[in-house]
Amino acid sequence: MIESALNGYLGRAIVVSMLALFFSHGVSATPKSMLESYQKRIVAAGYTTNHSLAELEARETLVHGIYRVVVKRSGAFLGYFTENGEITGDVNGWEDVHGKSISQDDLAFLRLALVQNIRYDRLVKVQYGNGGGRKMFLASALDCGYCGAMEKNLALHSKNFNTTFYILPSALDSRPNRSAKSEALWKAAADIYCSENPAESWKKFWVNRTVTGIRRQDCNVNSHMLVEEERFLKELLASVGIKVNGTPRIVREDSIPFTPPATSDLSTLKKLYGEEGLKDIDAIMLQRVRTRFFEPYDGRY
């Protein structure tokens with residue numbers, strides 16, 4: 001019955017709903033409840049932990065249901081934990097409470113679930129036309145010449161195709177304190193992020209290379225916070241095999257990353273970013289859910 005529904009017009013919505021439930025048991029988790037769940041699983045498996053819960057701190061990430069766990073006193077990184085405490089990971093991959101790597105089928109599903117659970121509402125939404133029903137993460141940098149050429153090409157065709165990118169503004173040098181130029185670029189990135197109209201500020205930046213618009217009073221994000229958020233998100237993507245090395249880099253809805261062309265004709269833009277590309281993407285997402293829920297797979301989380 002469920003698989004039949006997956007083949008219907010509600011297929012994509014059902015797939016996304018299944019993916020959204022991947023990290024939890026259908027209840028709202030807190031950093032404390034996540035750590036408690038992890039400890040219970042460790043104890044049930046017959047192991048002990050090196051730190052008490054009071055010594056640990058779970059911090060939200062830009063992915064719903066995944067926390068970054070550190071030791072409070074030293075700040076030492078212990079790993080990324082899912083909110084139900086079932087698996088932990090880092091840039092090298094994910095494992096269960098027994099220290100066993102999750103299966104390739106489960107990793108592929110986790111990759112898709114992670115991309116679907118990115119906190120897109122905390123990124124800069126840049127839409128062209130009616131959006132095209134798209135939701136793609138775009139890694140870009142303000143001082144990336146290739147990115148500038150891509151943005152110029154998008155602006156040229158902006159009235160003739162539909163797509164949506166979600167962006168975390170950044171600079172090529174991940175160390176803002178290294179130079180005055182780097183600090184200025186990261187400050188500009190933070191100002192765009194906190195602008196009253198981030199999408200408009202993003203588009204205008206590529207025209208005049210300056211930040212326009214008024215900074216929201218309720219936004220306290222600074223350049224150093226933005227550097228960390230970008231690094232942590234890229235670490236999470238790398239943990240499931242999504243390499244975001246260099247800019248520009250796009251991660252599609254089906255978790256497939258690619259380097260976009262700097263310039264494209266309108267037909268290519270529509271195939272890469274528009275509604276035309278959704279058909280194949282939906283098929284990949286559907287197959288992954290079928291493999292995870294309806295076909296045999298080895299191992300559990």
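In this predicted model, I66 of strand β2 stands opposite T82 in strand β3. The β2 and β3 strands pair in the antiparallel sense over 5 bridges, and β2 is also joined to β1 by 5 bridges, again with antiparallel strands. Two further topics follow: the contact of helix α6 with helix α8, and an open sheet of 5 strands.

**Strand β2 and its pairing with β3**

- Strand β2 spans residues 66-71, and 6 of its 6 residues are buried, so that the strand as a whole is described as mostly covered.
- The side chains of I66, R68 and V70 point one way from β2, whereas Y67, V69 and V71 point the other way; all of these residues are buried.
- Strand β3 comprises residues 77-82 and is antiparallel to β2.
- A hairpin is formed by β2 and β3, with 5 residues between the two strands.
- Within the turn of this hairpin, G75 has a positive phi of about 80°.

**Pairing of β2 with β1**

- Strand β1 covers residues 56-60 and runs antiparallel to β2.
- A58 has V69 as its bridge partner in β2; V69 is one of the buried residues of that strand.
- β1 and β2 likewise form a hairpin, with 5 residues between them.
- In the turn between β1 and β2, G65 has a positive phi of about 85°.

**Packing of α6 against α8**

- Helix α6 (residues 180-193) and helix α8 (residues 223-239) have axes that come within 8 Å and cross at roughly 85°.
- Because angles of 65 to 115 degrees count as roughly perpendicular, this crossing makes α6 roughly perpendicular to α8.
- On the α6 side, the contact is made by E183, W186, K187, A189, A190 and Y193.
- On the α8 side, S223, H224, L226, V227 and E230 make the contact.
- By class, the contact of α6 with α8 has 6 nonpolar, 2 polar and 3 charged residues.

**The open sheet of 5 strands**

- The strands of this open sheet follow the order β6-β8-β7-β9-β10, and their pairing is mixed.
- The edge strands are β6 (124-128) and β10 (257-258), each of which pairs on one side only.
- Edge strand β6 is joined by 5 bridges to β8 (residues 163-167), and the two run antiparallel.
- Within this pairing, V126 has F165 of β8 as its bridge partner.

Terms used:
Residues numbered from 1 in each chain as written. Predicted model: local features only at pLDDT ≥ 70, side-chain atom pairs only at ≥ 80, totals over all residues. Heavy atoms only, no water. Buried < 20%, exposed > 50% of the residue type's maximum accessible area, 1.4 Å probe, protein only. Helix = DSSP H or I, 4+ residues; strand = E, 2+ residues; numbered from the N terminus. Pairing = 2+ DSSP bridges. Axes fitted to C-alpha atoms, helices over the stretch in contact; angles between N-to-C directions. Parallel < 35°, antiparallel > 145°, perpendicular 65-115°, else oblique. Contact = heavy atoms within 4.5 Å. Nonpolar A, V, L, I, M, F, W, Y, C, P; charged D, E, K, R; others polar.
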